[in-house]
Amino acid sequence: MILIQDIHQVIARREVDFEAAYRETVSRLDADDATFLWFAWAPHGGGEGYEAVTLSSFADADALGRHQE
């Protein structure tokens, strides 16, 4: 299993759009190969800007490669 944590910097006025687009994209993950685990916003002032933190798991490197395509 491979766990991937991503940190996304988002323009403030695009925060809601980003979250909706991200959730729509990951909802298409194949449950056998990849799973979306977590989405959270870092507290304002906790970083350089608006930051979304995500966590996903992949069965193996091949599954990760298919998702990245």
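**Notebook: a first look around**

I began with confidence, since this is a predicted model. Strand 1 comes out highest, at a mean pLDDT of 91, while helix 2 (residues 61–68) is lowest, at 85. Over the protein, the average pLDDT is 83, and 88% of the residues score at least 70.

**Layout**

Next I went through the elements. I found two helices and three strands. Reading from the N terminus, I get the order β-α-β-β-α.

I also looked up how contacts spread along the chain. Taking contacts with a separation of 6 or more, 57% are between residues 24 or more positions apart.

**Inside and outside**

How much of the protein is buried? I noted 28% of the 69 residues. For the surface, I wrote down about 4,900 Å² exposed, with carbon and sulfur atoms supplying 50% of that.

Then I went after the largest nonpolar core. It has nine residues: Tyr22, Val26, Leu29, Ala34, Phe39, Ala52, Phe58, Ala63 and Leu64. Helix 1 (15–26), strand 2 (34–41), strand 3 (50–58) and helix 2 each give two or more residues to this core. My margin note here: nonpolar side chains in soluble globular proteins tend to be buried together.

**Phe58**

I picked one core residue to follow up. Phe58 is in strand 3. Is Phe58 buried or exposed? Its relative accessibility is 3%, and the cut-off for buried is under 20%, so Phe58 counts as buried.

What does Phe58 touch, leaving aside neighbours within four places in sequence? I listed Met1, Ile2, Ile4, Asp33, Ala34, Ala63, Leu64 and His67. Of these partners, Ala34, Ala63 and Leu64 are also on the core list.

I checked a backbone distance too. Phe58 and Leu3 are 55 residues apart along the chain, yet their C-alpha atoms are separated by 6.5 Å.

From the Ala63 side, again without neighbours up to four places away, I get contacts with Asp33 and Phe58. Asp33 turns up in the Phe58 list as well.

**His8**

Last stop: His8, which sits in strand 1 (residues 2–10). Which residues does His8 touch, not counting those up to four places away in sequence? My list reads Phe18, Tyr22, Tyr50, Glu51, Ala52 and Thr54. Two entries there, Tyr22 and Ala52, belong to the nonpolar core. With Thr54 there is something extra to record: the side chains of His8 and Thr54 are joined by a polar contact of 3.3 Å.

Conventions:
Residues numbered from 1 in each chain as written. Predicted model: local features only at pLDDT ≥ 70, side-chain atom pairs only at ≥ 80, totals over all residues. Heavy atoms only, no water. Helix = DSSP H or I, 4+ residues; strand = E, 2+ residues; numbered from the N terminus. Polar contact = N/O pair within 3.5 Å; in protein donor to acceptor, adjacent residues only side chain to side chain. Contact = heavy atoms within 4.5 Å. pLDDT = per-residue confidence, 0-100. Core = buried A, V, L, I, M, F, W, Y, C linked by side-chain atoms within 4.5 Å. Buried < 20%, exposed > 50% of the residue type's maximum accessible area, 1.4 Å probe, protein only. Areas by Shrake-Rupley, 256 points an atom, 1.4 Å probe, with all protein chains shown as cover.
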